[in-house]
Amino acid sequence: MTTGPTSRAAMSGTGPAGYREPTVWRRTATAALRGLVALLRGMALFSPKVVLAFVMLASISLVMTAGFWILLVPVLAAAVRGLANLNRRLARSWSGVDIPEPYLPPPAPGTRPATGWRRWRLMRALTDPATWRDMLWALVDPVVGGVLALAPAATVMLGLYGTHLPLHWLGLAGFHHSDGTGWYTFVPVTGAATAWLAAVLGVGYIALGLAMAPRMLRLHGRWTRVLLAPTANATLALRVRQLAESRSDAVDTQAAELRRIERDLHDGAQARLVAMGMNLGAAERLVEENPAAAKALLAEMREASAKALNELRDLVRGIHPPVLADRGLGDAVRALALDCPLQEEVTADLPGRLALPVESAAYFAVSEVLANAVKHADALRVWIDLRYEGGRLRMSVTDDGHGGADPARGTGLRGVERRLATFDGVLALNSPPGGPTMVMMELPCALSSPRTSSYSETA
Amino acid sequence: MRVVLAEDLFLLRDGLIRLLEAYGFEIVAAVDNAPELLRALLGERPDVAVVDVRLPPSFTDEGLRAALRARQQVPGLPVLVLSQYVEQLYARELLADGIGGVGYLLKDRVFNADQFLDALRRVATGGTAMDPEVIAKLLARNATPLARLTGREREVLELMAEGRSNTAIAQRLHVSDGAVAKHTTSIFAKLDLPPSDDDNRRVLAVLAYLNG
């Protein structure tokens with residue numbers, strides 16, 4: 001992690017002599033290779049489009065001639081969806097164009113109807129507007145996408161054809177044109193001289209084909225996005241659903257929290273105060289006739305008041321930890337780590353205070369993850385890293401425990417994930433069996449004040 | 001003994017003034033915010049200061065910061081910090097300079113006037129007074145190396161880390177001074193700490209060890 005400066009020093013050590021500008025040839029070769037890869041990918045994209053065109057044409061004619069074939073539409077829709085998803089993935093990895101899935105999310109478990117489940121699923125797929133945009137794509141893509149995908153390969157083919165024309169005029173191959181004349185694109189090939197001209201042109205075509213291949217691949221990706229990306233409506237609908245879910249989660253959590261606080265106060269501090277009031281009355285009565293007993297009662301009450309204070313302290317700590325209020329997230333996590341029995345190492349790089357609700361959510365997320373490491377992972381050491389980059393708070397908690405954590409088995413991580421979701425935060429877990437476990441959390445947030453973390457000032 | 005007092009709650013400030021005056025302390029300044037505290041600490045150079053962590057204007061840890069800043073300028077200026085909460089982080093910061101003359105106690109310890117005044121006097125003479133809660137957490141952090149100690153040695157270590165002298169520990173545990181001295185020698189040997197006759201320096205060594 002800290003090898004940055006060292007490796008840079010090592011590089012400058014070999015000096016400018018050790019580093020050579022890549023030659024023109026080398027650069028050309030790299031570009032050509034890149035073109036070739038893009039060209040082959042274009043061809044790979046093209047081949048399923050041919051099949052798709054046939055399938056679509058066949059389906060349309062079948063439905064036109066015999067209406068009952070319409071029953072096959074769901075099967076077709078499912079197949080097209082699979083192909084569309086493949087194209088989305090390839091657009092991301094080959095063309096660098098990100099295309100999210102536009103479909104309605106699968107229904108939550110338990111909400112599907114008991115009977116008529118097949119028909120319900122069918123209706124759901126058919127009423128999804130994204131399905132119909134898929135179908136439109138399936139009709140148009142073999143033509144538009146096909147041209148975009150195949151154009152570089154076709155150009156190179158044309159070039160290859162041109163370069164072999166001189167062979168015929170040198171008598172090294174059979175005559176291709178019976179009358180000895182023919183057009184190679186715009187060059188009339190009538191003799192050896194024009195054949196050589198055609199060959200030169202052919203080399204040009206090959207170069208052109210290779211040069212445009214990466215660009216065409218990107219263009220293909222962008223074309224794919226036109227019909228396969230979610231519409232503004234679908235994006236909004238998805239967002240609304242997310243917000244509704246996270247809001248109801250937030251409300252539930254809040255209500256549960258309030259209930260817990262109420263119960264804690266009722267059973268703890270409140271009960272102790274009542275007991276103290278009663279004991280005070282008793283002490284008042286006893287103070288004349290039995291001072292010793294009154295004194296004992298008073299001592300007992302001092303104990304009780306200390307206990308009540310302790311309980312209130314713990315309660316407040318659970319609502320809003322003092323160090324978090326005083327110093328912000330960085331020091332609060334340091335304090336948290338100090339209180340935990342593991343060997344800890346905290347690095348925090350935060351340019352200022354975060355918005356208060358985010359700070360609190362982040363704190364309790366780290367706290368929960370840390371508690372997990374203590375309880376379940378048998379860890380000895382833990383590393384916590386907090387940093388603020390590009391408008392996002394990134395937190396990672398790594399422990400050297402036995403790993404194998406699984407949010408599905410309810411180790412509290414699901415709850416953390418849900419609470420972070422209220423702030424559009426995400427949680428990623430990497431916990432192979434045998435460890436180490438790494439939990440990464442990310443929260444988009446703004447800085448609320450430019451005050452720097454105070455720790456360096458006082459440490 | 002001249003005392004500077006910083007506490008923003010009127011009732012508590014008033015109570016502390018009365019308590020301290022009743023025991024012959026002289027209150028040279030009683031303030032309710034951090035800037036005035038810093039001014040009083042640097043201007044009055046009291047024998048000891050009693051400081052609430054949370055003070056106006058920001059109601060965060062202003063009191064602690066003011067105390068730390070004053071100690072930067074006047075090394076060893078005795079400060080007893082009071083708080084509703086004890087945090088290991090803050091205890092560390094107070095102990096970081098390794099000079100002593102610091103205390104960090106929960107506010108409820110004031111209820112027990114004798115112990116509170118004892119702690120205050122210890123801090124004024126360059127000793128330390130750490131809240132048992134801080135010490136308990138420090139001991140929990142060092143569970144593995146401390147497993148070598150006997151139960152009695154652990155008790156002695158706990159009281160020593162709170163800042164008590166051998167005599168005070170002996171009284172507390174109802175044993176002789178000599179017995180406590182034997183225990184401390186054994187503790188220092190087991191923890192690989194250099195032996196020292198000076199009470200305060202010994203306490204600081206123990207705290208530095210526990211803070212690792």
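I took a residue as buried if 20 or more other C-beta atoms lie within 10 Å of its own. The model under study is a predicted one.

**Entry 1. The two chains**

I began with burial in chain A, where buried residues make up 25% of the 459 residues. For chain B, I found that 44% of the 212 residues count as buried. I then listed the secondary structure: chain A holds 14 helices and nine strands, and chain B holds 11 helices and six strands.

I also looked up how far apart in sequence the contacting residues lie. In chain A, among contacts with a separation of 6 or more, 74% are between residues 24 or more positions apart. In chain B, among contacts between residues at least 6 apart, 62% join residues at least 24 apart.

**Entry 2. Where chain B touches chain A**

I looked up the contact between the chains and found 16 residues of chain B against 18 residues of chain A. On the chain B side, the elements that give two or more residues are α4 (88-95) and α6 (132-141). I sorted the residues of this side by character and obtained seven nonpolar, three polar and six charged.

**Entry 3. Helices α2 and α5 of chain A**

I next examined a helix pair in chain A. Two packed helices are described by the angle between their axes and the distance between the axes. For α2 (residues 24-65) and α5 (residues 129-163) of chain A, I noted that the axes come within 8 Å and cross at roughly 145°. The crossing of α2(A) past α5(A) is left-handed.

I listed the residues at this contact. The α2(A) side includes Ala38(A), Leu39(A), Gly42(A), Leu45(A), Phe46(A) and Lys49(A). The α5(A) side includes Asp141(A), Pro142(A), Gly145(A), Gly146(A), Ala149(A) and Pro152(A). The residues of this contact divide into 17 nonpolar, three polar and two charged.

I also looked up Arg133(A), which sits in helix α5 of chain A. Arg133(A) counts as partly exposed because it has 19 C-beta neighbours inside 10 Å, and a buried residue needs 20 or more. The C-alpha atom of Arg133(A) is separated by 9.8 Å from that of Pro102(A), a residue 31 positions away along the chain.

**Entry 4. The nonpolar cores**

In soluble globular proteins, nonpolar side chains tend to be buried together. I looked up the largest nonpolar core, which has 99 residues. Within this core, Val366(A) and Leu80(B) touch the most other members. Helix α12 (residues 356-376) of chain A gives the most to this core, namely nine residues.

I followed the contacts of Leu80(B), leaving out residues up to four places away in sequence. Among them are Val48(B), Ala49(B), Val50(B), Gly103(B), Leu105(B) and Ala119(B). I found another core apart from the largest one; this other core has 15 residues, including Leu39(A), Leu45(A), Leu148(A) and Met216(A). Leu39(A) and Leu45(A) also appear on the α2(A) side of the contact with α5(A).

**Entry 5. Helix α11 of chain B**

I checked the length of α11 (residues 199-211) of chain B. At 1.5 Å a residue, its 13 residues should span 18 Å, and the end C-alpha atoms are 18 Å apart, so the two values agree.

The buried residues of α11(B) are Asp199(B), Arg202(B), Val203(B), Leu204(B), Val206(B), Leu207(B) and Leu210(B). An α-helix has 3.6 residues a turn, so residues three or four places apart point the same way. What covers the buried residues of α11(B) includes α4, β6 (128-130), α6, α8 (151-162) and α9 (166-173) of chain B. Just after α11(B), I noted a positive phi of about 35° at Gly212(B).

**Entry 6. Backbone details**

I looked up a cis peptide bond and found one joining Pro56(B) and Pro57(B), with omega about 5°. Pro57(B) lies in the loop between β3 (48-52) and α3 (62-73) of chain B.

I recorded a positive phi at Asp378(A), near 55°, in a residue other than glycine. Asp378(A) belongs to the loop between α12 and β5 (381-389) of chain A. Asp378(A) counts as partly exposed because it has 13 C-beta neighbours inside 10 Å.

Asp424(A) likewise is not a glycine and has a positive phi of about 60°. I placed Asp424(A) in the loop between α13 (413-421) and β7 (426-430) of chain A. With 15 C-beta neighbours inside 10 Å, Asp424(A) counts as partly exposed.

Methods: Residues are numbered from 1 along each chain as its sequence is written. Chains are lettered from A and ligands numbered from 1 in the order in which they are written. This is a predicted model: local features need pLDDT of at least 70, side-chain atom pairs count only at pLDDT 80 or more; totals for chains, interfaces and linings use all residues. Two residues are in contact if their C-beta atoms, placed from the backbone, lie within 7 Å. Helices (H or I, at least four residues) and strands (E, at least two) are DSSP runs, numbered from the N terminus. Ala, Val, Leu, Ile, Met, Phe, Trp, Tyr, Cys and Pro count as nonpolar, Asp, Glu, Lys and Arg as charged, and the others, Gly among them, as polar. A residue is buried if 20 or more other C-beta atoms lie within 10 Å of its own, exposed if 12 or fewer, and partly exposed in between; C-beta atoms are placed from the backbone. The expected span of a helix is 1.5 Å times one less than its number of residues. Axes are lines fitted to C-alpha atoms, for helices over the stretch in contact, and angles run from 0 to 180 degrees between N-to-C directions. A crossing is left-handed if the near helix is turned anticlockwise from the far one by less than a right angle, and right-handed if clockwise. A nonpolar core is a set of buried Ala, Val, Leu, Ile, Met, Phe, Trp, Tyr and Cys residues joined through C-beta atoms within 7 Å.
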